[in-house]
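Colleague: I am new to this one. Could you walk me through it and tell me how the labels are earned?

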Amino acid sequence: MADSSSTGLTLFSPYKMGKFNLAHRVVLAPLTRCRALNKVPQPSLVEYYSQRSTPGGFLITEGTSPSDASAGFPHVPGIYTDEQVEAWKKVVDAVHAKGAIIFCQLWHVGGASHQGNFVTYMFKWQSFVLQFFNLLGDHQFLQPTTPSQRDGKYVLLPDGSHDAYSEPRRLETHEIPQIVEQYRHAALNAIRAGFDGIEIHSAHGYLIDQFLKDGINDRTDEYGGSLENRRKFLIETVQAVVEAVGADRVAVRISLGMDHLDAIDSDPIVLGLAVIERLNKLQQNVGSKLAYLHVMPRFAAHGQVEFDQDEARFMRTLRNAYEGTFMASGGFTRELGMDDVASDDTDLVSYGRQFISNPDLVLRFKLNAPLNKYNRETFYTHDPVVGYTDYPFLNSESVKEN
């Protein structure tokens with residue numbers, strides 16, 4: 001994506017992200033790993049995030065549920081109970097002990113939910129069962145919600161099988177403020193757990209992205225139709241979280257050019273500029289910039305390492321429009337990251353799969369050392385060690401040789 005110009009900056013140049021002083025620009029991307037058994041972070045998460053922490057480094061957690069009904073995959077963590085907050089404190093403390101900074105990504109999947117419990121499956125045949133439990137106020141059994149009623153897609157489960165997402169229902173207009181409040185409360189919980197900030201997941205076909213894109217949002221109320229209406233839910237959520245914890249602790253992730261889970265837009269550049277216009281205006285109104293805008297143009301296909309011309313134009317357009325720290329993600333190699341930072345196409349680069357298999361990725365990048373290969377089959381298992389904390393570090397002899 002880079003052009004021929006160069007700023008002299010590299011992935012290892014320091015960067016000031018608002019009030020946070022980063023020692024380098026290699027960021028741990030948010031990565032679903034399914035090790036939070038029963039939605040509570042386990043000791044293995046403490047080790048996993050600690051392994052990937054460096055002095056002045058920046059980490060973003062896996063998608064974390066702001067409510068019981070917002071999770072889309074088995075054993076992803078939440079941050080809506082005291083037990084979860086206390087468990088996250090141990091993770092944050094371990095990261096801070098290494099001198100790193102960590103944000104909690106808040107993730108509501110909307111209709112892309114696999115609830116994985118008996119009552120949800122019963123809904124396919126006996127809707128009164130679900131309604132009965134909802135009346136009791138047991139939110140564990142809430143039916144997944146989405147902006148628009150859609151046919152289900154299939155989700156890959158940790159055991160390697162596929163199953164249909166749970167049947168969603170259209171989110172009623174009067175319910176939307178309740179979802180915004182869940183984000184606000186989860187953000188406060190994250191700060192209580194010691195997190196340095198919050199990233200609002202507004203990408204990849206999940207709830208907020210479902211509102212943003214005209215290919216899936218067919219609402220006729222004030223949250224559908226026009227660009228102004230479709231971006232309304234995102235802006236209300238960001239505004240609520242900013243008011244709760246401060247703009248410099250809040251970030252937003254978007255993937256407006258991506259087609260995932262039926263969330264596609266007819267003109268992603270126009271949509272992107274409309275979203276950025278409102279984020280810029282919000283920053284001006286509160287007198288403080290957000291922590292960053294995190295942009296992913298697409299899911300990188302296996303082996304794809306270059307952005308095509310449309311993707312590069314999309315990223316540069318958003319980069320030039322946004323008034324603040326810009327983070328890029330999506331299949332970057334060391335070389336592409338170095339090029340994009342040097343050409344000022346981005347301030348920070350987040351890495352996913354390479355960080356899974358290389359807990360010392362920053363050091364390996366600095367030394368231009370070989371990388372461990374990742375094993376896709378263990379990305380989403382529940383094992384607390386295998387494919388999670390057992391990838392090897394560079395040994396001392398390797399470091400000396402380089």
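Modeller: Happily! Let's begin with Arg-25, which, leaving aside neighbours within four places in sequence, is in contact (heavy atoms within 4.5 Å) with Leu-9, Thr-10, Leu-11, Ser-13, Pro-14, Tyr-15, Val-341, Asp-347, Leu-348 and Val-349. This is a predicted model, where local features need pLDDT of at least 70 and side-chain atom pairs count only at pLDDT 80 or more, while totals for chains, interfaces and linings use all residues. Residues are numbered from 1 along each chain as its sequence is written, and side-chain values use heavy atoms, with hydrogens and water left out.

Colleague: What makes Arg-25 a residue with no salt bridge?

Modeller: A salt bridge needs a side-chain nitrogen of Lys or Arg within 4 Å of a carboxyl oxygen of Asp or Glu. For buried Arg-25, the nearest side chain of opposite charge, Asp-347, is 4.7 Å away, so no salt bridge is counted. The backbone oxygen of Asp-347, though, lies 3.1 Å from a polar atom of the Arg-25 side chain.

Colleague: Why is the pair of Asp-344 and Arg-319 called a salt bridge?

Modeller: Their side chains meet at 2.6 Å, N to O, and that satisfies the rule because the limit is 4 Å. Asp-344 sits in the loop between H11 and E14 and Arg-319 in helix H10, 25 residues apart, so the pair links distant parts of the chain. Helices here are DSSP runs (H or I, at least four residues), as are strands (E, at least two), numbered from the N terminus.

Colleague: How do you know whether Asp-344 and Arg-319 are buried or exposed?

Modeller: Buried means under 20% relative accessible area, exposed over 50%, and partly exposed in between, with a 1.4 Å probe and protein chains only. Asp-344 has 39%, so it is partly exposed. Arg-319 has 12% and therefore counts as buried.

Colleague: What is notable about the phi of Asp-344?

Modeller: Phi of Asp-344 is near 65°, a positive value in a residue other than glycine. Lys-39 has a positive phi too, about 75°.

Colleague: What makes a group of residues a nonpolar core?

Modeller: The members are buried Ala, Val, Leu, Ile, Met, Phe, Trp, Tyr and Cys residues joined through side-chain atoms within 4.5 Å. The largest such core has 77 residues, and Tyr-49, Phe-233, Val-238 and Leu-290 have the most contacts inside it. Helix H8 (residues 232-245) supplies the largest share of this core, 8 residues.

Key: Lys, Arg positive; Asp, Glu negative; His and termini not counted. Polar contact = N/O pair within 3.5 Å; in protein donor to acceptor, adjacent residues only side chain to side chain.
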